[in-house]
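Student: I would like to go through this structure feature by feature. Please give the reasoning behind each answer.

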Amino acid sequence: MATAEIFPWQRVIWQQARQSGSAQRHHALLLKGRRGIGKLGFALALAKSILCGQGDAAGVACGKCQDCYWFEQGLHPNFRLLEPEALSAQEGATDKDDEENRREAGSTKSGRKPSQQISIAQIRALDDFIYLSAHQARDKVVLIHPAEAMNTAAANALLKKLEEPPPEVLFILVTHNVSLIPPTVLSRCRQTAMPGPDHEMAKDWLIHQGITDPDFHLAMSGFSPLLALQYDERLAASHTDFIQCLCAPERFDPIELAEKLHKLDLSSVTGWLQKWCYDLMSCRTSGRVRYHLKQVAVIRQQAAVIDPVAFGFLWRNLIASQQLARHPLNPRLFLEAMLLTYMDSIRPAGSAG
Ligand SMILES: [Zn+2]
């Protein structure tokens, strides 16, 4: 399970949530905002603080009591986290609680792919938890993440519970994309727009987490601090090599590169090339570079000589590649084809060879 955490950019909203919490408790909260800004950590911190009997003045859970211990172990009897099977499998495949969750969710551990959806079985499995008496007659919390992963049947089943809310149960829904939540569900929730950090705050936070090159990590992660933190160091090394190859087109060798890269996550590699090409096009049309701030000089040089027509073709080709990248028949050939197309479009006509 992800950890409960209140990020520096959430302090004000934390106070608001805790204050309104003590005054007039709403039975369903919806936390919305873009991916990678710590919504889940916040939601978990909120759940933990509600279950902890001994929070501090700011309402932060004590971290020392039995309730906090249970919560941290993912075993609190008054707490349920609903996630798509794919997400909980990813977080800890060997975890016993996961096994439990899978059984609760009514699914089996067969060879099939874990589901990306939150199913109606998962919502129905909440019945006993919600309607039977609570452990020590205390508050109960259900956290649904991400709420847009509920399929229609699951959302309808949840709606019934939201329409007749059992006393002492708080639902917390977390969403990266509020437009995907049915309006009927939305109307039952108090919505909170979750803030993200500005660039400086995100940088400071990443440095504090031990990231030595926060600008690069942020740029490569769509400027989301948590995604920037998770940006894989091993992938980062390959990525840096790749950028160096892109910087030296005269030595650019698609066959050799494909050999080097074909065991990596191909969707990531395709994304790297997309970001690079985005910068080339952006530099060509507006003079701006978004991702590769350290390579601005090289990008200017290359952008000046690219053929816009060939580049338009390349761009469409990359979008198609991104769709294929998850299931290529032959990873090496997939990369060779993509890199050859790239090479053709960056070399001025007549210089190939
Ligand atoms: Zn506690």
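Student: What is the relative accessible area of Tyr291, and is the residue buried or exposed?

Tutor: This is a predicted model, and the values below are computed from it. Buried means under 20% relative accessible area. Tyr291 falls under that cut-off and is buried, its relative accessible area being 15%.

Student: Which class does Tyr278 fall in, by its relative accessible area?

Tutor: The class between buried and exposed runs from 20% to 50%. Tyr278 has a relative accessible area of 35%, so the class is partly exposed.

Student: How are the rings of Tyr278 and Tyr291 arranged?

Tutor: Nine aromatic pairs are counted in the model. For the rings of Tyr278 and Tyr291, the centres are 5.6 Å apart and the planes stand at 70 degrees. Planes over 60 degrees apart count as edge-to-face, so the arrangement of Tyr278 and Tyr291 is edge-to-face.

Student: How many residues apart in sequence are the parts that this pair ties together?

Tutor: Tyr278 belongs to helix α15 (residues 266–286). Tyr291 is in the loop between α15 and α16 (296–305). The pair therefore links parts whose separation in sequence is 13 residues.

Student: Which charged residue sits over the ring of Tyr291?

Tutor: A charge counts as over a ring if NZ of Lys or CZ of Arg is within 6 Å of the ring centre and within 35 degrees of the ring normal. For Tyr291, the charged end lies 5.6 Å from the ring centre, and it belongs to Lys275. For Phe129, the charged end is 5.7 Å from the ring centre, and it belongs to Lys140.

Student: How are the rings of Phe7 and Trp9 arranged, and which residue joins them in one aromatic cluster?

Tutor: The ring centres of Phe7 and Trp9 are 5.2 Å apart and the planes are at 15 degrees, so this pair is stacked. Both Phe7 and Trp9 are buried. The cluster that contains Phe7 and Trp9 also includes Trp205.

Student: What is the geometry at the zinc ion?

Tutor: The protein donors are the SG atoms of Cys52, Cys62, Cys65 and Cys68, at 2.3 to 2.4 Å from the zinc ion. Along the chain they follow the spacing C-x9-C-x2-C-x2-C. Four donors count as tetrahedral if all angles lie between 85 and 135 degrees. The angles among the four donor atoms are 103 to 116 degrees, and the site is tetrahedral.

Student: Where do Cys52 and Cys65 lie?

Tutor: Cys52 and Cys65 are both buried. They are 13 residues apart in sequence, and each lies in the loop between α2 and α3 (66–72).

Student: How far apart are the end C-alpha atoms of helix α2?

Tutor: Helix α2 (residues 39–51) has 13 residues, and at 1.5 Å a residue it should span 18 Å. Of its 13 residues, 13 are buried, so α2 is largely enclosed by the rest of the structure. The distance between its end C-alpha atoms agrees with the expected span, at 18 Å.

Student: Which strands are joined to β1 by bridges?

Tutor: Strand β1 (residues 28–32) is mostly covered, with four of its five residues buried. Leu30 stands opposite Leu173, and Leu31 stands opposite Thr192. Five bridges, in a parallel pairing, lead to β4 (residues 169–175). Four bridges, also in a parallel pairing, lead to β5 (residues 190–193).

Student: What is omega for the cis peptide bond between His145 and Pro146?

Tutor: Pro146 is in the loop between β3 (140–144) and α8 (152–163). The bond that joins His145 to Pro146 is cis, with omega about -15 degrees.

How values were computed
Residues are numbered from 1 along each chain as its sequence is written. This is a predicted model: local features need pLDDT of at least 70, side-chain atom pairs count only at pLDDT 80 or more; totals for chains, interfaces and linings use all residues. Side-chain values use heavy atoms; hydrogens and water are left out. Helices (H or I, at least four residues) and strands (E, at least two) are DSSP runs, numbered from the N terminus. The expected span of a helix is 1.5 Å times one less than its number of residues. Buried means under 20% relative accessible area, exposed over 50%, partly exposed in between (1.4 Å probe, protein chains only). Two strands pair if DSSP finds at least two bridges between them. Donors are N, O and S atoms within 2.8 Å of the metal (3.2 Å for Na, K and Ca); water is not among the atoms, so sites may look incomplete. Four donors count as tetrahedral if all angles lie between 85 and 135 degrees; four count as square planar and six as octahedral if opposite donors are over 155 degrees apart and all others between 65 and 115; anything else is irregular. Rings of Phe, Tyr and Trp (its six-membered ring) pair if their centres lie within 6.5 Å; planes under 30 degrees apart count as stacked, over 60 as edge-to-face and the rest as tilted.
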